Amino acid sequence: MTKPPKRRRSRKGRPDFFANYRFWLTLLSLAAFTVAGLVLFTLLKEEPPPAIVPAVVPPVVADEVLRAEVEDFLAKTRSTSSLVRRELDRRPPRYTVVGESPSEELLENLRARLAALPGRFLVTLTEDGVLSVVSAGREVVVVRFVTPVPEKPVPVIEMPSGPMVAIIMDDLGRSLQQARTLLSFPQKVTFAILPDEEHAGKIAELGHAAGREIMLHVPMEPQGYPAVNPGSEALFVQYDDAEIRRRFDLLLARIPHATGVNNHMGSRFTEDARALAPVMESLKEKGLFFVDSLTTGRSKVALVANLQGVPTIERDVFLDNVADVTAIGREIRRLEDRARRQGMAVGICHPYPETLEALRRELPGLTARGVKVVPVSVLLHKQALAQGS
């Protein structure tokens, strides 16, 4: 039996969604366009963010420009180039000038020239002859003026009788109070002054005015450098003869009234006869002496000094290897015993509080027992007389 065919429903009667909701769809589209337009209009109306204006930074003066001004200033001080030491690799750059401090007129001229450059510069000059140029709170140039070593007349030395000691106080220059304490002692302790310390020149002047012998305590290369550092101003064996001589003369010029030198550290340098030679040549020309602190048992100081004809003497006792008042007192009495056996002796010490106190206690008794505290030059004169020269 044949199945009757299925009747297909006509699509004509099915509802049309878009036809029925055309009004609402149109209205919704218009609303969407309206909202989008309002958002776009609002965005366009917003002001752009303010431009970021960089902070105004004062222009930096090039090192070459500042250096040119300093060199021009130095030329006006009539200092020759051979008497100016330039350390331009240091920060700040440093100059050492052997000559008198500049006049107020020259300082004002320098200030005026620097005022014409970008930035603000402050120029000051201390009583010790240190000129400093400061910008933005930091030093940008340092110039140290040192007084030339004057020609020294040959002193007339009265030779005392009996045992004598010279007591050399090393490492002076950092503290005026230490120097004033020493000057309060009637016994004439010898001043050995480090040349690069703040009060070096002032202490030399004070000591000389009070009749104390003044020495340059010259920094020299030690064994173990750079772990043991004598400072950038020191003499090093790596330098050639001309550089050693130039550096030594500049250091010597910083200590007015110096009659001789002794080594600060120097266990490496004093073992090198070649390096010592230009130092001794300078001392010979100036009529100065060398006290060997004997920081090494292989020192060549006496050998080279004798070849050059430079008066020299060696340290006998380090008084304060132990910074204790009682221990230092024992070493002072050991120095006395050495002077009684030899006729004279040299002690070296340092301005520790314990050392100053030990000297205050012991020196009156030392002189009361007939041992005279004298300048080093007196011992050298006695030594020369004994040698028949």
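**Arg315, helix 5 and strand 5**

Guide: Arg315 touches Asp292, Ser293, Leu294, Val346 and Ile348, leaving aside residues up to four places away in sequence; contact means heavy atoms within 4.5 Å. The model is predicted, so local features require pLDDT of at least 70 and side-chain atom pairs pLDDT 80 or more, while totals for chains, interfaces and linings use all residues. Residues are numbered from 1 along each chain as its sequence is written, and side-chain values use heavy atoms, without hydrogens or water.

Visitor: Why is Arg315 said to have no salt bridge?

Guide: A salt bridge requires a side-chain nitrogen of Lys or Arg within 4 Å of a carboxyl oxygen of Asp or Glu. The nearest side chain of opposite charge, Asp292, is 7.4 Å away, so the criterion is not met. Arg315 is nevertheless buried, that is, under 20% relative accessible area (exposed is over 50%, partly exposed in between; 1.4 Å probe, protein chains only).

Visitor: What lies 2.9 Å from a polar atom of the Arg315 side chain?

Guide: The backbone oxygen of Leu294 does.

Visitor: How do you know that the buried residues of helix 5 line one face?

Guide: They are Ala200, Ile203, Ala204 and Gly207. Viewed down the helix axis, they fall within an arc of 105 degrees and therefore line one face; the arc is that of the directions from the axis to the C-beta atoms. They pack against helix 4, strand 7 and strand 8.

Visitor: What makes strand 4 and strand 5 a pair?

Guide: Pairing requires that DSSP find at least two bridges between two strands. Six join strand 4 to strand 5, so these antiparallel strands qualify.

Terms used. Lys and Arg count as positive and Asp and Glu as negative; His and the chain ends are not counted. A polar contact is a pair of N or O atoms within 3.5 Å; within protein, one must be able to donate a hydrogen and the other to accept it, and residues adjacent in sequence count only if both atoms are side-chain atoms. Helices (H or I, at least four residues) and strands (E, at least two) are DSSP runs, numbered from the N terminus.
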